[in-house]
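Student: Got a minute to walk me through this model? I'd like the overall picture and then a few details.

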Amino acid sequence: MSRHFTGRAAVTVLGVLLAVLATACSAPGASDSSGSNNSGPIKIAVVDAQSGQLSSLGEWEYKGAKLAVDEWNKAGGINGRQIKLDVFDDQGDPTVGTNLARRIASQGFVAMIGTAESAVTIAMAPVLQQAQIPNITSGQSPGLVAVKSPFLFLNGPTSTTYDETLAKYVVDQKGIKSIAMITNNGSFGKGEHDSFLKALSSRAVKPVADQVVTIDQKDFSAVLTAIRQKRPEAIFIGAEEVESGLIVKQARDLGIKATFIGTAPHGTPVFLDTAGKANVEGTIVSSPYLGNDISDAARKFAAAYKKAYREDAELHGAKAYDGTNILLTALKSSNVATGRKLADAIRATRYDGLLGAFAYDDTGVGISATSIGVIRDGQMVTVGT
């Protein structure tokens, strides 16, 4: 056989090679086609901190998502296909998250659940948007909405909702106006700071102190001593679970008697265990999921969670469970579509979840309500909205 191609043969081979390369290099979500003609598992990524100070968030998220996937797979999956859930550790680091987004975009994942860390989700968003991979996040920073990605969805309210509900109860109903603030300089803390300060300002209330700490800070004696001098009636904390718990514990050690107020992190076991049961007594919490007895659906979820993992469910697991069910419902209704068609299907999904009735708007927010609870004897007691 001749070692040389004719001109026509060379063109033909070149065309085939280009087609193969184009298929190999295309992003998994870049096509708007249905996945109905595909076979094999439907690949979904879960990205969260699985190590470090925020690892409890990642563990709760993964367990909530896995519980939903296991239930769907047991019922036959989607179009006869099983759902495969792969977990990735972003270490709570935006740079690591960005690198993971590139891996996810190249490895055939149709969607992503996570992260619980707003700063990491925001860093990943441009890569996922370019690859047209829908992402349902558990972050609550308003900065997520500011990204304006049509592929980014929240499985809970933003800080704006959490903090407006909190201010309505603390200021309007309880009449508390002597309030100090401690927030961290991360994406979550900044979102909480700005949202709660806005809620106070709309009520003509100025905080008696407004202290900002770093996300990895462990000693808060200086800021707490300054706050103690102001004798506030309440202290708002905008920080994640461990840091919030440390602030409360050190405040009580300094003799501060103020009532602590805050949002999602204050309703978790990690916050309570870090701060100490006696120290969190009377803490006021704004959350869309105040406990496992708030509804029949919550009780059913909590029982399944307990059976699967031998531990009690909490907010973050419930959020991931809702978000994953929304995604799987959209995959089913769209005949396992990918890319923009899947994003459109998520946006069109109406879902009665553990956190409430989801209906997504153009900003990617699907629910805009929280309730108020108070910690009594180590348990959350619902007091209203």
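Tutor: Sure, we'll go from the overall make-up to sheets, helix packing and single residues.

Tutor: First, the ground rules: this is a predicted model, where local features need pLDDT of at least 70, side-chain atom pairs count only at pLDDT 80 or more, and totals for chains, interfaces and linings use all residues. Residues are numbered from 1 along each chain as its sequence is written, and side-chain values use heavy atoms, with hydrogens and water left out.

Student: Fine. How many helices and strands are in the protein?

Tutor: The protein has 13 helices and 14 strands. Both are DSSP runs numbered from the N terminus: helices are H or I with at least four residues, strands are E with at least two.

Student: And what share of the residues is buried?

Tutor: Of the 385 residues, 53% are buried. Buried means under 20% relative accessible area, exposed means over 50%, and partly exposed is in between, using a 1.4 Å probe and protein chains only.

Student: What about contacts between residues far apart in sequence?

Tutor: Among contacts with a separation of 6 or more, 70% come from residues 24 or more positions apart. A contact means heavy atoms within 4.5 Å.

Student: On to sheets. What is the strand order in the open one?

Tutor: The order is β2-β1-β3-β4-β5, 5 strands with parallel pairing. Two strands pair if DSSP finds at least two bridges between them. The edges are β2 (83–89) and β5 (152–154), each pairing on one side only. From one strand to the next, the twist averages 25°.

Student: How many bridges link β1 and β2?

Tutor: β1 (residues 42–48) and β2 pair in the parallel sense over 7 bridges. Ala45 has Asp86 in β2 as its bridge partner.

Student: Which helix lies across β1, β2 and β3?

Tutor: That's α2 (residues 55–74), running at about 170° to β2. Axes here are lines fitted to C-alpha atoms, for helices over the stretch in contact, and angles run from 0 to 180 degrees between N-to-C directions.

Student: How does α2 pack with α11?

Tutor: The angle is about 100°, and the axes are 11 Å apart. That makes α2 roughly perpendicular to α11. The cut-offs are under 35 degrees for roughly parallel, over 145 for roughly antiparallel, 65 to 115 for roughly perpendicular, and oblique for the rest. On the α2 side, the contact residues include Trp60, Lys63 and Leu67, while those of α11 include Phe301 and Tyr305.

Student: What classes do those contact residues fall into?

Tutor: In the contact of α2 with α11 there are 7 nonpolar, 1 polar and 3 charged residues. Ala, Val, Leu, Ile, Met, Phe, Trp, Tyr, Cys and Pro count as nonpolar, Asp, Glu, Lys and Arg as charged, and the others, Gly among them, as polar.

Student: And α6 with α7, how do their axes cross?

Tutor: The axes of α6 (residues 159–173) and α7 (residues 187–201) come within 8 Å and cross at roughly 40°. That makes α6 oblique to α7. The crossing is right-handed, and by class the contact has 6 nonpolar, 4 polar and 3 charged residues. A crossing is right-handed if the near helix is turned clockwise from the far one by less than a right angle, left-handed if anticlockwise.

Student: New topic: is β8 mostly covered or mostly open?

Tutor: Mostly covered: 5 of the 5 residues in β8 (residues 234–238) are buried. Ala234, Phe236 and Gly238 are on one side, Ile235 and Ile237 on the other.

Student: Which strands does β8 pair with?

Tutor: β6 (residues 179–184) runs parallel to β8, joined by 5 bridges, with Met181 opposite Phe236. β9 (residues 259–262) also pairs with β8 in the parallel sense, over 3 bridges, and Ile235 has Phe260 as its bridge partner there.

Student: Two single residues to finish. Why does Thr98 count as buried?

Tutor: Because its relative accessibility is 16%, Thr98 counts as buried. Thr98 is found in α3 (residues 94–106). Leaving out residues up to four places away in sequence, Thr98 touches Ala123, Met124 and Val127.

Student: And Gln379, buried or exposed?

Tutor: Gln379 is exposed, with a relative accessible area of 54%. Gln379 is found in β14 (residues 379–384). Gln379 and Gly291 are 88 residues apart in sequence, yet 8.7 Å apart in space, C-alpha to C-alpha.
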